[in-house]
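Okay, hi everyone, this is a quick walk through one protein chain. Have the sequence and the model open, and stop me if I go too fast.

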Amino acid sequence: CTSIRPVVSSFPTQTSQKQGRKRPHPDFIKDDGDHKICSCYNGMVLKDSHAETLARRGLMSSLWDEVENLLQNKKSTSRPLLEAITSSESKRYFQLRRGTSLHMYISDNPCGDATIYRIRKPTIGNKESTDQPKTSINFTGAKIILSDSNGISLAKQDESISSTLTCTNAAADSKHESSQTVTVGREDVQQLGALRLKSSRSNIPSHLRSTSMSCSDKLVRWGVLGLSGALLSMYIPKPIVLSSICVSKDPRAVDGKDDLGQLDALRRAIKDRVENALMSIEETDKGWEVKPPQVAVVTDVFENSKSSSESRHENRMNKLADNTPISNKRVKKDSVCGTSINWHQASVQQATNAEVTIGATGLKRGKKPKCPADVVKTASRLSRYQFVLRCNKCYSLSSKTEADVHYSDAATYRKYKERTSSTLLTRVATSAVVGGGPLAGWVRSGSQDDFELPHE
């Protein structure tokens, strides 16, 4: 469960993809109007339904609400996040209100590097003393990225990598070029501080495999570049970052003296990597002022978290170990929730603030679309498609300058982001991702994931 006040809260969910041929958009195109809708289909789908990602996108939606209201000189909410920046220019800019800070709560350590910490090893049926329980290192299902940019290449592969997979609908940013194929590996010995892609089944075709970075890596990127993204940088030039990240206690976690405790993992994977990335861009941009988030583990256990579920399963197995025949010792694990709920404290778009999305499809819960017009109705308010529409509306409300780029000037979403992103953000992002720091070798979706911009 993750939340950013007053933005969004999402139940944990796994994103899955079914095997089959690539479907870039629905195949029920009838006329030119249908084609325009279907050309935007990729933008309507949420590619990552992990709670941290939805929480961040919820913040972005809330910021668009406030920008839209401020441009119309309307009061946004009783507890606004933004305030106007005094400027001699005709165009209006905004920033996070002074005295306001953002904090994120997560029920489990974010997937990826932050999940590598020492846990109690299951001792099913073992009568040994529990004064010194056996321990093991928690294994992250995220796949390590093998790239020369981050120093982990196929040429240097050793016994720590047991097997490799490829993602063909991906692009790995490097100093020289952007490749359309990315190789990831399964680890026998986990490497600390490495970039990883989210877990997915190994039997999925390479062009359908997830290209979403792990939540640990995304939190590092947001800690360096800010949470608001490229489109919002037209109105919010200064980065908005988290002040703290708080995680519930894993009941299996074992704190030791080897820097592999749960809190140690959070510091290593997020705070320390943000600090290192900021040091790598400090020489390039002295004006980029952000601070790494503080991290903490609370003593309370969130009963519906993944780690709590694993702990309960181990306890059930222990209770059955001595009194049940071996053939009946299978204990069913708790099922993972396949839906997510996001809600806003205030929304100018919808009267109902709660929205339910399906992790496997990336669309709102509801009837299966039968025509392109139905597809638009299933797009989440957190989707890229909806953010483009919000951006276009804000553009129509703001004063125009020669430097402005209307989205009719760009054919695709990616080109529009590149043209609208502030010069400073672009320079810092290039320095952080390509410059050889902790984010070197970052993977983004390939051209197949891009989409044509909607037009009135």
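Before I point at anything, one bit of vocabulary: when I say helix or strand, I mean a DSSP run, at least four residues for a helix and at least two for a strand, numbered from the N terminus. With that in hand, go to Asn 73, which sits in the loop between H3 and strand E3 (82–85). Asn 73 isn't a glycine, and yet its phi is positive, about 60 degrees. Is Asn 73 buried or exposed? Exposed, with a relative accessible area of 64%.

Now let me zoom out. What you're looking at is a predicted model. The mean pLDDT of the protein is 78, and 74% of the residues come in at 70 or more. Over residues 1–29, though, the pLDDT is below 50, even though that stretch has 114 contacts in the model beyond near neighbours in sequence. Where pLDDT is low, the predicted coordinates shouldn't be read in detail. I'm leaving that stretch alone today.

On to the overall inventory. We have 11 helices and 18 strands. Of the 456 residues in the protein, 50% are buried. The protein exposes about 22,300 Å², and carbon and sulfur atoms supply 49% of that. Then there's how the chain meets itself: take the contacts with a separation of 6 or more, and 71% of them are between residues 24 or more positions apart.

Let me show you some of those long-range meetings, starting with aromatics. How many aromatic pairs does the structure hold? The count is 2. One of them is Trp 64 with Tyr 235: the ring centres are 6.1 Å apart and the planes are at 75 degrees, so we call that pair edge-to-face. This pair links distant parts of the chain, with Trp 64 in helix H3 (residues 51–71) and Tyr 235 in the loop between helix H5 (229–232) and strand E14 (242–247), 171 residues apart. Trp 64 is buried, at a relative accessible area of 1%, and Tyr 235 is buried too, also at 1%.

Then there's Tyr 413 with Phe 451. Here the centres are 4.9 Å apart and the planes are at 15 degrees, so the pair is stacked. Again two distant parts of the chain are linked: Tyr 413 belongs to helix H10 (residues 413–420), Phe 451 to the segment after strand E18 (443–445), and they're 38 residues apart. Both Tyr 413 and Phe 451 are buried.

While you're in that segment after E18, look for Leu 453, which is there as well. Leu 453 is buried, with a relative accessible area of 3%. From Leu 453 to Leu 389 you go 64 residues in sequence, but C-alpha to C-alpha they're 9.1 Å apart in space.

Another leucine to find is Leu 96, in strand E4 (residues 93–96). Leu 96 counts as partly exposed, at 21% relative accessibility. If you set aside the neighbours within four places in sequence, Leu 96 is in contact with Leu 81, Leu 82, Glu 83 and Ile 240. Its C-alpha is also 8.4 Å from that of Ile 236, which is 140 residues away along the chain.

Next up is helix H4, residues 215–225. How many of its 11 residues are buried? It's 10, so to speak a mostly covered helix. Among the buried ones are Cys 215, Asp 217, Lys 218 and Trp 222. Right after H4 comes Gly 226, with a positive phi near 100 degrees. And for those who like charges over rings, the charged end of Arg 221 sits over the ring of Trp 442, 4.8 Å from its centre.

Last topic, cysteines, since someone always asks. How many disulfides are there? The structure holds 0. Take Cys 391 as an example: the closest cysteine sulfur is the one in Cys 394, and at 6.9 Å it's too far for a bond, because a disulfide needs the sulfurs within 2.5 Å. Cys 394 tells the story from the other side, with Cys 391 holding its closest cysteine sulfur at 6.9 Å. Cys 391 is buried, with a relative accessible area of 0%, and Cys 394 also counts as buried, at 0%.

That's my tour, over to you for questions.

Definitions and conventions: Residues numbered from 1 in each chain as written. Predicted model: local features only at pLDDT ≥ 70, side-chain atom pairs only at ≥ 80, totals over all residues. Heavy atoms only, no water. Buried < 20%, exposed > 50% of the residue type's maximum accessible area, 1.4 Å probe, protein only. pLDDT = per-residue confidence, 0-100. Contact = heavy atoms within 4.5 Å. Phe/Tyr/Trp six-rings, centres within 6.5 Å; stacked < 30°, edge-to-face > 60°. Lys NZ or Arg CZ within 6 Å of the ring centre and 35° of its normal. Areas by Shrake-Rupley, 256 points an atom, 1.4 Å probe, with all protein chains shown as cover.
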